[in-house]
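Colleague: I should like to learn how a structural model is read, feature by feature. May we work through one together?
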Amino acid sequence: MTTEPAALIETRRLSFRPSRSGAMTVSDVSFKLYPGVTALIGPNGAGKTTLLRLLAQLYLPTRGQVTNPKGRLRAAYVPQFPGVYSGLTPRQFLWRTALWENMSWTDAQARVSLALAHMRLESVADQKGKNLNDTERRRLALAAVFVQTASSVLIDEPTASLDPTQRVEFWQDLYTWSQNPASPTAYLITTHHLSEVDGYCQRVILLDRGRVRFDGAVADLKECARGRTFWSDRPIPDRPDVSLFELSWSDGDGYRVLSERPHPLPSWQHRLPTLWDGYLFELRGRSR
Amino acid sequence: MLEWSQCTIGYRENVPILDQFSLTCDDSAIIVGPSGVGKSTLLATMMGLVPYVKGHLRVGQREVNGLPQISRQYLSYLPAANLLPLDVTVEEYLTELARIDGLSWSSARRQALAMAARLHLAEVLTRRIRWLSGGMKRRTLLAAAVLKPAEWLMVDQATAGLDPEEQRTVLDLLQAETQSRGVLMVTQELDELAQFQKRVLILMDGNIIFDGSSEDLRDTARGHVFQRALDSTPPPFDFWQPLPNHTAIKVYQHSIPKGCQAIAPEVEDGYFWQIMTTKGRDHDD
């Protein structure tokens with residue numbers, strides 16, 4: 001039995017209302033961000049971006065608080081569409097970021113050249129920012145995060161609009177960086193791709209309409225749907241005792257069933273729950 | 001049938017994106033590949049949206065190169081960007097388009113409402129498009145494209161920006177459409193290759209480098225995917241993927257490397273293997 005690792009960000013009953021008369025877009029959110037890669041997922045409009053900005057202290061919470069139990073809260077935030085200074089080269093921009101951090105000249109030099117190498121920006125290091133393409137801009141924003149001395153990193157939809165190879169490259173970059181002892185240890189990343197959560201993340205937070213529906217290990221989110229996932233070899237008739245969250249035809253294997261109740265019809269075979277099943281069950285099953 | 005025959009295609013004269021390119025689609029298919037290889041351009045070419053096209057473009061047996069007014073009768077197109085009128089409501093937009101397609105008022109309205117409900121837009125029917133979220137705009141545009149009774153549906157990144165449930169809704173709808181007409185889809189989501197269950201085409205370096213089912217694609221990587229302990233960073237491999245436990249990585253090699261354990265490939269491994277080996281071929285030349 002190992003002891004629970006120390007959290008790097010802790011929120012207590014965090015709530016945010018953008019206007020005095022409007023509704024809470026984040027309400028009563030309490031969770032801890034642990035070392036490793038945590039995915040923040042949820043439907044469109046769940047409040048994921050707002051939550052990231054609250055954690056980055058760009059928004060002031062209406063209620064509740066964000067703290068780092070181990071000391072000062074230093075979370076670096078990478079927005080979905082990072083801007084660049086059009087007149088600065090990546091090298092100049094990273095130098096500027098490093099010198100704001102109160103580090104020595106030699107430290108800054110080492111960190112900037114390491115960041116440029118790791119983010120594969122050396123070939124464009126001395127070009128003006130306005131000439132960078134979208135993926136280079138994103139890599140530069142990520143490089144800036146690693147030049148700073150933040151303890152945790154918040155990244156908003158880093159892989160949206162990337163092609164499959166570029167997407168893997170992002171996760172490679174993150175993985176390589178996180179192995180470096182000087183790097184931040186906790187990463188919170190929003191995504192709409194459950195396959196990325198399954199493939200690269202250790203923990204997952206599911207947000208729906210401003211509230212946390214699930215917070216835990218990725219494998220445990222799958223487990224939420226255990227006992228309710230089946231194969232059926234035929235379509236399922238409307239029956240009062242059968243209520244389904246999902247029924248979809250899967251070529252060759254029959255129909256995938258996610259049942260509201262854990263009682264199978266006689267013709268159903270059990271099937272292992274996937275992350276999709278867990279996601280759907282937590283959203284549909286618990287909100288009733 | 002859709003056919004690109006010996007086509008040279010570009011947005012500027014003498015700067016071809018695709019050169020002497022040929023492809024025939026008899027039935028629904030899904031196109032994937034690195035960004036910038038011309039996937040979207042292929043669809044746009046058929047719609048008459050690309051200025052420099054040499055060669056033959058055919059819809060059915062009809063030659064349509066230079067005749068966008070003909071091709072657009074037979075094709076319905078969902079572009080990658082959400083190009084929508086902003087000051088009309090969702091209901092007005094969908095109903096008007098169905099009217100233009102020749103339906104009576106009552107059936108245009110009925111069909112528009114049914115399609116909106118199917119794509120979970122029923123609650124925002126009376127909202128002006130300007131005030132919709134990005135995901136709702138995407139689904140509104142898709143509803144309009146699917147409502148048009150065209151022979152072929154040309155879909156460019158249908159699920160971009162959609163949350164997991166809406167991705168599933170849209171994919172289910174497009175898959176159902178393949179029962180009654182051809183759907184040609186461009187995507188960047190490898191999950192969709194297996195879910196769509198149709199012919200998979202990988203476009204790279206101006207050629208179709210893979211043509212087959214998603215199972216065939218997966219099987220091309222069999223014996224080439226390995227799990228290996230992480231002992232140095234960055235790992236000394238051309239292409240690798242992190243694994244969630246952060247103690248091992250997935251690597252792709254022609255033959256089994258030392259200290260590695262072979263693992264059963266997934267469809268996405270097939271894709272990466274195809275991309276990797278195609279890149280390798282260039283270096284050998």
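Colleague: Leaving aside its neighbours within four places in sequence, with which residues is Phe196(B) in contact?

Modeller: Please bear in mind that this is a predicted model. Beyond those neighbours, Phe196(B) touches Ser28(B), Ala29(B), Ile30(B), Leu174(B), Gln175(B), Thr178(B), Val183(B) and Met185(B). As for one of these partners, Leu174(B) lies 22 residues away along the chain, and its C-alpha atom is 8.2 Å from that of Phe196(B).

Colleague: In which helix is the place of Phe196(B)?

Modeller: Phe196(B) belongs to helix H7 of chain B, which covers residues 191–196.

Colleague: Is Phe196(B) buried or exposed?

Modeller: The relative accessible area is the value to read here, and a residue counts as buried when it is under 20%. Phe196(B) has a relative accessible area of 0%, so it is classed as buried.

Colleague: How does one read chain B as a whole?

Modeller: One may begin with its elements and extent. Chain B has nine helices and 14 strands, and its C-alpha atoms fill a box of roughly 70 × 45 × 30 Å along the principal axes. Of its 285 residues, 53% are buried. Among contacts with a separation of 6 or more, 65% join residues 24 or more positions apart.

Colleague: Which domains does the assignment give for chain B?

Modeller: The assignment gives domain 1, residues 2–212, and domain 2, residues 216–284. Their C-alpha centres are 33 Å apart. The contact between them takes 13 residues from domain 1 and twelve residues from domain 2 of chain B.

Colleague: How is the size of such an interface expressed?

Modeller: The size of an interface is often stated as the accessible area lost when the parts come together. For domain 1 and domain 2 of chain B, the buried area is about 980 Å², and carbon and sulfur atoms give 82% of that area. Leu190(B), Ile209(B) and Phe210(B) supply 45% of the area that domain 1 buries against domain 2, more than any other three residues.

Colleague: How many salt bridges does the rule find across this interface of domain 1 and domain 2 of chain B?

Modeller: The rule finds zero salt bridges across that interface. The count of residue pairs in polar contact, both at pLDDT 80 or more, is likewise zero. On the side of domain 1 that touches domain 2, H7, strand E9 (199–204) and strand E10 (207–212) of chain B each supply at least two residues. By class, that side has ten nonpolar, two polar and one charged residues.

Methods:
Residues numbered from 1 in each chain as written. Chains lettered and ligands numbered in written order. Predicted model: local features only at pLDDT ≥ 70, side-chain atom pairs only at ≥ 80, totals over all residues. Heavy atoms only, no water. Helix = DSSP H or I, 4+ residues; strand = E, 2+ residues; numbered from the N terminus. Buried < 20%, exposed > 50% of the residue type's maximum accessible area, 1.4 Å probe, protein only. Contact = heavy atoms within 4.5 Å. Domains from an automatic or database assignment. Buried area = accessible area lost by both parts, 1.4 Å probe. Salt bridge = Lys/Arg side-chain N within 4 Å of Asp/Glu carboxyl O. Polar contact = N/O pair within 3.5 Å; in protein donor to acceptor, adjacent residues only side chain to side chain. Nonpolar A, V, L, I, M, F, W, Y, C, P; charged D, E, K, R; others polar.
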